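Hi,

Here is the structure I promised to pass on to you. Have a look at it first, and then read my notes below.

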Amino acid sequence: MKKTIYVIAFSILFLSACKNDKKQTESHDASMEETNMHQQDEHSSMDNSSMQGDLKSTTEKNSSSSEIIDAYLQLKNALTEDSKDKAAEAGNKILTAFSNFDMTKLSDEQHMTYMEIMENSKEHAEHIIKSPIDHQREHFEELSKDVNDLIELIGTDKTLYVDFCPMYNNNKGAMWLSETETIKNPYLGSNMPTCGNIQKKIN
Amino acid sequence: MLFFFLIVFVGIQLVPTNHNQSSVISKTEFNNYIVVPKNIQNILKNSCYDCHSNNTNYPWYNKIQPASWFLEKHINEGKKELNFSTFGDYSKRKQKSKLKSIINQIRDDKMPLKSYTLIHRNTKLNELQKKEVIEWFTKLKDSV
């Protein structure tokens, strides 16, 4: 009898010790994660500060990208006003602008990347033409990357700002291009018009 | 009048349709191009490939017009948006874009289409499947 009690007592002790151990590792994991996150935070703030240092970047002066950029900016402005119809209209202009683009001046290397950007952008524009505003914004996010890459590829003679909204898409954040220094957020529209910061100035 | 419709109905049964089925497995097929875990493969095959690949698992009513035309149109539109059978042919830029759209569409319950899951009950994704697919595709998107 005594023996059984010992065995039971011992196993209870043992089991509870196990549990504690588990809890400890769990909380340890959690704190590890926290420190990781802090480190990431520090990183991103460091990135920001280094960005501020060379906020200005010069891009090759090239006016051939202007029609595409103008159509893009029209779309951006429509989204800042929460206007689905105006955004759809701008989507059409983007399609035309890409069709009008003179590819003969591109180098062979540029040509490949340009074709990829064009194909992708046109698809996004097509979706923007026929979709509700939330979906337009999802495609606008991708289109913004494309237009930004296009500027990196062939340049522009415009002065533009690369803006970033940290809150869009469940705080994943998204960038856009603007012609004005004042922030007008195309992702959140009138809900939060001034959310965002300038990451880079082009020209 | 009824007789007229009957004639038309019988008549359209004779119009041939193109079947979206191919025995060729291309190198650019999603499964060959990317290592896809079994559980994700099953979900894709069961809920996506009917309209987003070169191989449709046709339902019985495909034998009847005009249902078959309706399906053909759906499949063509679906493949134009996204075709898993030729995924590897897309540029990296397009792949990334498509992966993001897949994630968003599943997250927002826009895909598989309501009209499809209504008839094909077993193609609807449950919350666990949604979570698995979204997590896996997010990882994939970040690695492309």
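**The strands**

Let's start with a strand pair: S2 (residues 160-165) and S3 of chain A run antiparallel to each other and share 5 bridges. If you want one rung of that ladder to find on screen, take Val162(A), whose bridge partner in S3(A) is Leu177(A). S3(A) spans residues 174-178, and 4 of its 5 residues are buried, so this strand is largely enclosed by the rest of the structure. Do keep in mind that this is a predicted model.

**Chain A as a whole**

Zooming out, chain A has 6 helices and 4 strands. Walking along the sequence, you meet them in the order α-β-α-α-α-α-β-α-β-β. Chain A has 203 residues, and 26% of them count as buried. If you take the contacts in chain A with a separation of 6 or more, 65% are between residues 24 or more positions apart.

There is also a database note. An unreviewed UniProt entry carries the annotation "domain: DUF3347" for residues 68-158 of chain A. In the model, that stretch is 82% helix and 0% strand, and its end C-alpha atoms are 12 Å apart.

**Two helices side by side**

How do H2(A) and H3(A) lie relative to each other? H2 covers residues 66-80 and H3 covers residues 84-100 of chain A; their axes come within 8 Å and cross at roughly 170°. An angle over 145 degrees counts as roughly antiparallel, so that is what H2(A) and H3(A) are to each other. By class, their contact is made of 11 nonpolar, 3 polar and 3 charged residues. On the H2(A) side you'll find, among them, Ile68(A), Ala71(A) and Leu79(A), while the H3(A) side includes Lys86(A), Ala97(A) and Phe98(A).

A good residue to click on here is Leu75(A), which sits in helix H2 of chain A. Is Leu75(A) buried or exposed? The cut-off for buried is 20 or more other C-beta atoms within 10 Å; Leu75(A) has 30 such neighbours, so it counts as buried. Leaving out its neighbours within four places in sequence, Leu75(A) is in contact with Ala87(A), Ala90(A), Gly91(A), Ile94(A), Ile128(A) and Phe140(A). For a sense of distance, try Asp149(A): it is 74 residues from Leu75(A) along the chain, and their C-alpha atoms are 17 Å apart.

**Some backbone oddities**

A bit of background first: most residues other than glycine have a negative phi, and most peptide bonds are trans. Now for the exceptions I came across.

- Asn170(A) is not a glycine, yet its phi is positive, at about 55°. Asn170(A) lies in helix H6 (residues 168-171) of chain A and is exposed, with 7 other C-beta atoms within 10 Å.
- Asn203(A) also has a positive phi, near 65°. You'll find Asn203(A) in the segment after strand S4 (197-202) of chain A, where it is partly exposed, with 15 other C-beta atoms within 10 Å.
- In chain B, the peptide bond from Met111(B) to Pro112(B) is cis, with omega near -10°. Pro112(B) belongs to the loop between helix H6 (92-107) and helix H7 (114-119) of chain B.

**Where the chains meet**

Last stop: the contact between chains A and B, to which each of the two contributes 6 residues. Sorted by class, the chain B side of it has no nonpolar, 3 polar and 3 charged residues.

Have fun exploring!

How values were computed. Residues are numbered from 1 along each chain as its sequence is written. Chains are lettered from A and ligands numbered from 1 in the order in which they are written. This is a predicted model: local features need pLDDT of at least 70, side-chain atom pairs count only at pLDDT 80 or more; totals for chains, interfaces and linings use all residues. A residue is buried if 20 or more other C-beta atoms lie within 10 Å of its own, exposed if 12 or fewer, and partly exposed in between; C-beta atoms are placed from the backbone. Two strands pair if DSSP finds at least two bridges between them. Two residues are in contact if their C-beta atoms, placed from the backbone, lie within 7 Å. Ala, Val, Leu, Ile, Met, Phe, Trp, Tyr, Cys and Pro count as nonpolar, Asp, Glu, Lys and Arg as charged, and the others, Gly among them, as polar. UniProt positions are given in the numbering used here, feature names are shortened, and annotations may be inferred rather than shown by experiment. Axes are lines fitted to C-alpha atoms, for helices over the stretch in contact, and angles run from 0 to 180 degrees between N-to-C directions. Angles under 35 degrees count as roughly parallel, over 145 as roughly antiparallel, 65 to 115 as roughly perpendicular and the rest as oblique.
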